[in-house]
Amino acid sequence: MSGTDKTTRHSGDGYNFAYLDEQTKRMVRRAILKAVAIPGYQVPFAGREMPMPFGWGTGGIQLTAALLGRDDVLKVIDQGADDTTNAVSIRKFFQRTAGVRTTERTAEATIIQTRHRIPETPLREDQILVYQVPLPEPLRWLEPRETESRKMHAQEEYGVMHVKLYEDIARHGRIVTSFDYPVRVAGRYVMSPSPIPKFDNPKMDDCPALQIFGAGRERRVYAIPPYTEVRSLDFEDHPFAIQRWVESCGLCGSRNSYLDEIILDDRGKRMFVCSDSDYCRSRRETEDSGPTAVVPENGRETREVKA
Amino acid sequence: MSQLINKEAPYPVVPEQSDPDAETERKTASSKPCSPGVDDNPLLIVEDVGKSFNGTPACRDISFMLWPGEVLAIVGESGSGKTTLLRCLSAGIRADNGRTSYCSPTFGEMDVFTSPEHVLRQLHRTEWGLVHQNPRDGLRLGVSAGANIGERLMSLGQRNYGAIRDEALTWMRKVEINGDRIDDLPLHFSGGMQQRLQIARNLVTKPRLMFMDEPTGGLDVSVQARLLDLLRSLCSELHLAVILVTHDLGVARLLADRLLVMQCGRVVESGLTDQVLDDPHHPYTQLLVASILEA
């Protein structure tokens, strides 16, 4: 079948197409299908050993391997950027083991494997977003027992999630949880969105692309099907809010993307730039590109930090 | 132990005879707390409940009824099956035989032993409360006192931070914990404060039935006295039915309307607290009363 000719195609490397053998891929796909059928529910799967340590995206890489076809175009991002260690090594891995086309442009990709971010460019129906998840269980913080947390999911006992948010407000006056902010999917399961900033939480809601989450160490897959309601938990009098910056991106001048703070010298000079490197570059290449983008409004790009 | 039982073999006639009396006493006893507008149906009917561990019976043939607003103490020596009985009734462990029916305003008349787990868990969050002997078992030590009290409210869908906090403050005041400590971890509370916090955490949803396992165990006498005082006023104020397990007859006398005396897994005597303590019929109860009144 197609599996065998994929095998022959990459027999030179001694690996099957996309590293995993076909039976394993079928097992992972079955888990993915179940995850899509029950939005937000953590489906256990027989996670394999991958040639990288746990915590480096072993869950996400298995999902990507199971999903990849020869016509797919893969994009891998780590903290929003295409040129960081994790992204580079995973992209190279699939270049070698699957020989698929890779890209840095969000719009061109069909499968995007991500760590810690959702791209700024809105996703489409023909795209799949694969997340790498270190800790899939949102209840773990208050309920260390796995048997008990499974029961809590089954009975929809999610009061403790609000206990966590209550603690935030009681201690700091506002909800300070800024990443891995718990969400409720399709009005049922409470889910950890993986350590993406809460800035990205609204992008998961009603998203046209399929979003799947893989946790390699815990061997769990969960998913948000396209156009599914995703609500961030909050209180009536302390509603959910995303991060905001006074600064704009020092390179492209964007005011509505997630910004990273970069230290420029040892005298406290800093610059804020888009964490999504592809978004930032495409903005510089098009519309208000060039010098205006490179030199944004006065006082916006850098900031003196008081000693 | 077995000798003791053998010796008493002729005796069960005595409590057996006094049992019908106890029945009538119970009715008069229950009608008092029931009078303020609550129907006369018993809250909990326990029939022939038994539980054994690896063939060793821990409690057997336990039958009694509990009316709304009534405080029932189960007393007996260590190992007499008090806590096992309490855990069976609160559905913490599965009883081997017998049945317990609970009259719930939301679920109606229900059998506790055969009810599905989600119903029982909901009962434990709403209409029931469980006070552990060691407050650390019943509290979340890693979150503040306010969050501990608010947890039940949040699990019932309260989503207003201000309202939760106000409720937590109200309950802290009721159990005499200073309101400034609302954001402190219970880990840094004294034993008595932890116990009071545990009680507040259970009472916040206004339960109808509380299971208490030695609530005053491990507390010094003055703290114990204040806690008992508090419990007594809360019980009457909230019209709370309580099943209280204790080995301390003093606690039972102060709090309980009725008493079950257990020995070797059986109820050997039951009745109104004052009657049982002032005029014990069963030799074991006599022994118990005699040994306590010395102190």
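Here is an informal back-and-forth on why some features of this predicted model get the labels they do.

Reader: Let's start with chain A. What makes up its fold, in helices and strands?

Author: Chain A has nine helices and 13 strands. Buried residues account for 52% of its 307 residues. Among its contacts with a separation of 6 or more, 63% are between residues 24 or more positions apart. The accessible surface of the chain is about 14,200 Å², and 51% of that belongs to carbon and sulfur atoms.

Reader: Why is His116(A) called buried?

Author: Buried means under 20% relative accessible area. His116(A) has 16%, so it is buried. You'll find His116(A) in the loop between strand S4 (111-115) and strand S5 (128-132) of chain A.

Reader: Which residues is His116(A) in contact with, leaving aside its neighbours within four places in sequence?

Author: Those are Gln79(A), Pro195(A), Ile196(A), Pro197(A) and Asp200(A).

Reader: And Tyr19(A), why does that one count as partly exposed?

Author: The partly exposed class runs between the 20% limit for buried and the 50% limit for exposed. Tyr19(A) has 22% relative accessibility, so partly exposed is the right label. Tyr19(A) is in the loop between helix H1 (2-9) and helix H2 (22-37) of chain A.

Reader: What is notable about phi of Tyr19(A)?

Author: The value is near 70°, which is positive, and the residue is not glycine. Most residues other than glycine have a negative phi. Arg219(A) has a positive phi too, near 55°. That residue is in the loop between strand S8 (210-215) and strand S9 (220-224) of chain A. With a relative accessible area of 29%, Arg219(A) is partly exposed, because the value falls between 20% and 50%.

Reader: On to the interface. How much area do chain A and chain B bury between them?

Author: About 1,900 Å², with 54% of it on carbon and sulfur atoms. In terms of contacts, 21 residues of chain A meet 22 residues of chain B.

Reader: How do you know that Arg121(B) and Glu148(A) meet in a salt bridge?

Author: The rule asks for a side-chain nitrogen of Lys or Arg within 4 Å of a carboxyl oxygen of Asp or Glu. Here the N to O distance is 2.9 Å, so the pair of Arg121(B) and Glu148(A) qualifies. The count between chain A and chain B is four salt bridges. Across that interface there are also 13 residue pairs in polar contact, both residues being at pLDDT 80 or more.

Reader: Which helices of chain A each supply at least two residues of the side that touches chain B?

Author: Helix H5 (146-154) and helix H6 (159-172) of chain A. H6(A) gives the largest share, nine residues. By type, the side of chain A that touches chain B divides into nine nonpolar, four polar and eight charged residues.

Reader: What makes Lys51(B) and Asp96(B) a salt bridge?

Author: Their N to O distance is 3.7 Å and the cut-off is 4 Å, so the pair counts. Lys51(B) lies in strand S1 (residues 44-53) of chain B and Asp96(B) in the loop between helix H3 (82-89) and strand S4 (97-104) of chain B, so the pair ties together parts 45 residues apart in sequence.

Reader: Are these two residues buried or partly exposed?

Author: One of each. Lys51(B), at 13% relative accessible area, is buried because that is under 20%. Asp96(B), at 44%, is partly exposed because that is between 20% and 50%.

Reader: How do you know that Glu151(B) and Arg201(B) form a salt bridge?

Author: The closest N and O atoms are 3.0 Å apart, which is within 4 Å, so the label holds. Glu151(B) lies in helix H6 (residues 145-155) of chain B and Arg201(B) in helix H8 (residues 191-203) of chain B, so this pair ties together parts 50 residues apart in sequence. Both Glu151(B) and Arg201(B) are buried.

Reader: How many salt bridges does a search of the whole structure find?

Author: Over all chains, 41 salt bridges.

Technical notes
Residues numbered from 1 in each chain as written. Chains lettered and ligands numbered in written order. Heavy atoms only, no water. Helix = DSSP H or I, 4+ residues; strand = E, 2+ residues; numbered from the N terminus. Buried < 20%, exposed > 50% of the residue type's maximum accessible area, 1.4 Å probe, protein only. Contact = heavy atoms within 4.5 Å. Buried area = accessible area lost by both parts, 1.4 Å probe. Polar contact = N/O pair within 3.5 Å; in protein donor to acceptor, adjacent residues only side chain to side chain. Nonpolar A, V, L, I, M, F, W, Y, C, P; charged D, E, K, R; others polar. Areas by Shrake-Rupley, 256 points an atom, 1.4 Å probe, with all protein chains shown as cover.
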